[in-house]
Every structure is written in structure tokens, then in C-alpha cells.
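Welcome, and thanks for taking a look at this one. Below is a short tour that starts at a single residue and works outwards to the whole chain.

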Amino acid sequence: QVQLMESGGGSVQAGGSLRLSCAASGNIDSSVCMAWFRQAPGKGREWVAGIDSAGSTKYADSVKGRFTISKDNAKNTLYLQVNNLKPEDTAVYYCTLRSGFCLATPVFYKNWGQGTQVTVSS
């Protein structure tokens, strides 16, 4: 079993920053993609960023240059540094993982955390 738990969300003004964390536990495969998705009110779950076992990263165009994904393998913890936040970044942010390479479609991920709320006011 793999369990994921997000934290670090909050309410900030436009231009602010947060660091989101995702703690993973259980039987985690050695070759995995760990990723962040987000879901805004009334919207579907949207790809944000991912990092594979080799450290290769991918970002959605909407967050490139503002968000940074990283991980601490020893702690099995995933991070998302979110800078220069905009109101359109307001969403519940979820972490997830899958074996192998990263994919930008949520249906290919089987494990999800509870999510952490990020609210950005103008």
C-alpha cells in the first residue's frame, strides 16, 4: 500500500509564495514518477508538474518559471515550490505517483493524497 499526504497550502495574496509537501509511505517502487495535479472549482484535475526517478522534470506551461518540483528520496517526500502566485492558481493541489515515466493525464495515476488548498487573492 502507498499512502500520500499533502501539506503546506494556505491563503496568500497575488505574488506570494508557498512550499507544498507530499509525504509518501508504504511500498514505493524504485522507479516512479511523482507528480502534482490541481483542481480548481468547477474544473477537472489539471497537470502541474512531475519528476521521475532520474530527476527529470516536466511542467505545465501555465506554471513554468514560477513553480519548482523537487524531491527528497531519503524521506520519500515530494515538494512543490510555488512562487509569484496568481489568482488562477487557486485550487486544491494533489500529489500522486505511478511506476515508470511521467504522464500528464490523471487517469494513469492510481494513488492520490487528500489534497491541500491553495487560495490566492488579488
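## Starting from one threonine

Thr77 has a relative accessibility of 11%, so it counts as buried, the cut-off being under 20%. Please keep in mind throughout that this is a predicted model. Thr77 belongs to strand 8, which covers residues 77-82. A polar atom of the Thr77 side chain lies 3.1 Å from the backbone oxygen of Lys75. Once neighbours within four places in sequence are left aside, the contacts of Thr77 are Ser21, Cys22, Ala23, Ser70, Lys71 and Asp72. Two other strands come into the picture here: strand 3 spans residues 18-26, and strand 7 spans 67-72.

## The sheet around strand 8

Strand 8 is part of an open sheet of 4 strands, ordered 1-3-8-7, with antiparallel pairing. Which strands stand at the edges of this sheet? They are strand 1 (2-7) and strand 7 (67-72); each has a single partner strand, so one side of each is left without a neighbour in the sheet. From one strand to the next, the twist averages 15 degrees. As general background, strands of a sheet pair through backbone hydrogen bonds, in either a parallel or an antiparallel way.

At one edge, strand 1 pairs with strand 3 in the antiparallel sense through 6 bridges, and Val2 faces Gly26 of strand 3. At the other edge, strand 7 and strand 8 run antiparallel and are joined by 6 bridges. Here Phe67 stands opposite Val82 of strand 8. The hairpin made by strand 7 and strand 8 has 4 residues between the strands, and Asn76 takes a positive phi near 50 degrees in it.

Just ahead of this hairpin there is a residue with another kind of environment. Lys64 sits in the loop that links strand 6 (57-59) to strand 7. Its relative accessibility is 52%, so Lys64 counts as exposed, for which the cut-off is over 50%. From C-alpha to C-alpha, Lys64 and Arg98 are 22 Å apart in space, with a sequence separation of 34 residues.

## Strand 4 and its partners

Arg98 leads us to another group of paired strands. Arg98 is the bridge partner, in strand 9, of Cys33. Strand 9 (residues 91-99) and strand 4 run antiparallel and are joined by 8 bridges. Strand 4 also pairs with strand 5 (residues 46-51), again in the antiparallel sense, over 5 bridges. Within that pairing, Arg38 has Glu46 of strand 5 as its bridge partner. The hairpin of strand 4 and strand 5 has 6 residues between the strands, and Gly42 adopts a positive phi near 75 degrees there. How much of strand 4 is buried? Of the 8 residues in strand 4 (residues 32-39), 7 are buried, so "mostly covered" is a fair description.

Here are the antiparallel pairings of this tour, with their bridge counts.

| Strand pair | Bridges |
|---|---|
| Strand 1 and strand 3 | 6 bridges |
| Strand 7 and strand 8 | 6 bridges |
| Strand 4 and strand 9 | 8 bridges |
| Strand 4 and strand 5 | 5 bridges |

## A second threonine, in a loop

Is Thr90 buried or exposed? Thr90 has a relative accessibility of 19%, so it counts as buried, with the cut-off at under 20%. Thr90 is located in the loop between strand 8 and strand 9. Its side chain has a polar atom 2.9 Å from the backbone oxygen of Pro87, and a polar atom of that side chain also lies 2.9 Å from the backbone nitrogen of Val120. Not counting residues up to four places away in sequence, Thr90 touches Ala40, Pro41, Gln117, Val118, Thr119 and Val120.

## The chain as a whole

Stepping back, the chain has 11 strands and 0 helices. Its radius of gyration is 13 Å, close to the 14 Å given by the globule rule for 122 residues, so the chain is as compact as a globular protein of that length. The C-alpha trace spans about 40 × 30 × 25 Å along its principal axes.

Of the 122 residues, 40% count as buried. Among the chain's contacts with a separation of 6 or more, 57% come from residues 24 or more positions apart. The chain exposes about 6,400 Å², and carbon and sulfur atoms supply 47% of that area.

Note on methods. Residues are numbered from 1 along each chain as its sequence is written. This is a predicted model: local features need pLDDT of at least 70, side-chain atom pairs count only at pLDDT 80 or more; totals for chains, interfaces and linings use all residues. Side-chain values use heavy atoms; hydrogens and water are left out. Two strands pair if DSSP finds at least two bridges between them. Axes are lines fitted to C-alpha atoms, for helices over the stretch in contact, and angles run from 0 to 180 degrees between N-to-C directions. Buried means under 20% relative accessible area, exposed over 50%, partly exposed in between (1.4 Å probe, protein chains only). A polar contact is a pair of N or O atoms within 3.5 Å; within protein, one must be able to donate a hydrogen and the other to accept it, and residues adjacent in sequence count only if both atoms are side-chain atoms. Contact means heavy atoms within 4.5 Å. The radius of gyration is taken over C-alpha atoms; the globule rule is 2.2 Å times the number of residues to the power 0.38. Accessible areas come from the Shrake-Rupley method with a 1.4 Å probe; for residues, only the protein chains shown count as cover.
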